[in-house]
Amino acid sequence: MLRFIIRRVVIIIPMLFIVVSLTWGLIRLAPGNFYSGEKKLAPAVEKNLRDKYGLDRPWYVQYRKVLWNIARFDFGNSLKYEGQSVNQILLRALPVSATLGLTAYLFALAVGITTGTLAALRQNSWIDYATMGLAMLGIAIPNFVLGPLLALIFALTLFWLPPALWDGFPSKSVVLPALTLSAIYIAYIARLTRSGMLEVMRSDYIRTARAKGLSERAVVMRHALRGGLLPVVSFSGPALAFLITGTVVVERVFALPGLGNYFINACFNRDEPLIIGIVAFIAIAVLVFNLLVDISYGFIDPRIRY
Amino acid sequence: MNDEFSKKDPNEPALTPLGTLPEPPVRSREGNTIHTAPEFAVGEGDVRSTDPIELLAGGSLWRDAWRRLLRSKLAVFGMIVAVTITVASVIGPSVIKRATGYAYDFIPKDDRLARSLPPFRSPDGKFAWSHPMGTDTVGRDILARVLSGGQISLMVALIATLVSLLIGVSYGATAGYLGGRIDDVMMRVVDVLYSLPYVIIVIVLLALLPAKTPTGQLAQLFFALGAVSWLTMARIVRGQVMSLKNQEFVLAARATGVSTPRIIFRHLVPNALGPVIVYATLTIPSIMLSEAFLSFLGLGVRPPRVSWGLLAADGAQTLAIYPWQLIFPGMTMALMLLSLNFVGDGLRDALDPQMRRE
């Protein structure tokens, strides 16, 4: 187990290296740079700036600096947002995205597992058909269509919730973005839970549990869910990557100051330090999260050995 | 919408109070015998029908699969809708242009028309057939734009799926057939790529290296989307090839001196086609969604061309005043995605009972 974890932690480093190098290479390959935007700078000013950020040094010197920055977890200053370091921006934007993502995912887990389990326990009942029909719809409606529609209904017609505002976690402003983001996860998790539970409910150990006289409730809650939720756990790994794409869209739809919004703007502005910083940060988050998911298998399913 | 979610896995033994008993003829709910096509009955769990009539009636693998596909109401519904939207997208824009003079980028000169009209309304507010989905902020016909956008969205999805198919099938088949250390290395590479946040890299690529021409932009989109969606395909094909490669027909081919590439592509890949088709059908909607996502962010298809994602992005801007500008493109796209998912699920049930789990 420990060897497995160490091997997986060690492999994170070369993977991070690949992602960062790819990104950096793309930025370098692209014609022009941050200063070739619409506002032309005086040659002397541009010269000073280029000296300051080391843009005229040979590429390997700059590349080394990028890697060194990441090793120290200090990404330097943003080009666009003057006087702010990338770390400050990350610290400011991360709580927004994390709150949004976490709320949405926890909500999706709660709703998805409940409805999925109900659907499995009452297979072929109207609950089952309704749940799976809605789940299909949740997968088919893109979040950038769903978000504006929800905003139109709940914010602009009924005036229950604010359309675009961020007040931090326990506030009305979280509801619409989180709901939009969670729709597709509710759908996936409900489907996964249903199929997982259907399979488990037919297995031998459930029959044993019933045979020793446990109540149906105990059979489901204590025995079946544990095995039936394995597909949901393994979905949590890719879910984080999805969640990042999702937050990018939702943050843009609701104009939230989160990581995704900063990332897209940084790409359009060609704000190199900020792009590298966000990419490195997201890569680390995804890699670490995948590792945690793999480790958690061992705790949930005692049959798995490394 | 019922039989889709309730089919039992034919390999699943029936649960009886006394334990698992093999249930000789496996029957689906409609009472028809389900049997695995010979090609898929590899190794474990051969569930071919013992019903003589069914065996006599059974034609080729594909005819069987087609018949099973037609039995699923959702899949049939999906096929009808998907074909309708596709045909409408292909011929619709020119029909509309001939009937009303509106191409997708036609902006009327008349001031009374150069504004957003609600669906089925003429400028003076009366009922009119001219714009069934209304017009956008500068007066362009939304139906024409949705259909033209469909052309681009479908084209991107199809070609990118083809790209992912080419990469995934060759990669997976090679790894699976060669096996050993080469397989180890190749699959480790896939594992590594799996956990990369490639959406992020695609965004960087498209934002920083915008193509010079609209056609170049589309080509970039095909390759960017195709190049990141072949991983699962590679895994599926590898698994299939591994289970096939020890069969007699491969041995026979090798004994007669057929070259390795020829064995892989002429003997193994055709036999793994079922799961490949199923997964490709499910890849199309997911790539369509990615294209829309990128276009929505302003990174995919660019004006003056239109795609569903781009239309949704435009519509979202003016949603509070002109809701039809978002609702029609959004709903068309959702309908298409829904239908393609139904077709994919139906194909999976029809072609490959072993994959039926989810």
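What span should the 24 residues of helix H12 (residues 273–296) of chain B have at 1.5 Å a residue, and how far apart are its end C-alpha atoms?

## Helix H12 of chain B

The expected span of H12(B) is 34 Å, and its end C-alpha atoms lie 34 Å apart, so the two values agree. These values come from a predicted model.

Of the 24 residues of H12(B), 21 are buried, which means that the helix is largely enclosed by the rest of the structure. After H12(B) comes B:Gly298, which has a positive phi, near 85°.

## Chain A

Chain A has twelve helices and zero strands. Read from the N terminus, its elements therefore follow the order α-α-α-α-α-α-α-α-α-α-α-α, each helix being a DSSP run.

Chain A has 306 residues, of which 39% count as buried. Among its contacts with a separation of 6 or more, 73% are between residues 24 or more positions apart.

## Contact between the chains

Chain A gives 44 residues to the contact and chain B gives 38. On the side of chain A that touches chain B, the elements with two or more residues are helix H1 (2–29), helix H5 (126–140), helix H6 (143–157), helix H7 (175–201), helix H10 (230–253), helix H11 (259–269) and helix H12 (272–300) of chain A. By residue class, this side of chain A holds 32 nonpolar, seven polar and five charged residues.

## Nonpolar core

The largest nonpolar core consists of 168 residues. A:Ile278, A:Val279, B:Val204 and B:Ala312 have the most contacts inside this core. H7(A) supplies its largest share, 17 residues.

What does A:Val279 touch, leaving aside its neighbours within four places in sequence? In chain A, its contacts are A:Val19, A:Val20 and A:Thr23. In chain B, A:Val279 is in contact with B:Ile200 and B:Val204. B:Val204 is also among the residues with the most contacts inside the core.

## Confidence

For the model, ipTM is 0.78 and pTM is 0.76. Chain B has a mean pLDDT of 73, with 75% of its residues at 70 or more. Among the elements of chain B, helix H5 (residues 142–178) has the highest mean pLDDT, 86, and strand S2 (residues 19–21) the lowest, 32.

Over residues 1–57 of chain B, pLDDT stays under 50. The model has 77 contacts beyond four places in sequence for this stretch of chain B. Where pLDDT is low, predicted coordinates should not be read in detail.

Notes:
Residues numbered from 1 in each chain as written. Chains lettered and ligands numbered in written order. Predicted model: local features only at pLDDT ≥ 70, side-chain atom pairs only at ≥ 80, totals over all residues. Contact = placed C-beta atoms within 7 Å. Helix = DSSP H or I, 4+ residues; strand = E, 2+ residues; numbered from the N terminus. Nonpolar A, V, L, I, M, F, W, Y, C, P; charged D, E, K, R; others polar. Buried ≥ 20, exposed ≤ 12 C-beta atoms within 10 Å, placed from the backbone. Expected span 1.5 Å × (residues − 1). pLDDT = per-residue confidence, 0-100. Core = buried A, V, L, I, M, F, W, Y, C linked by C-beta atoms within 7 Å.
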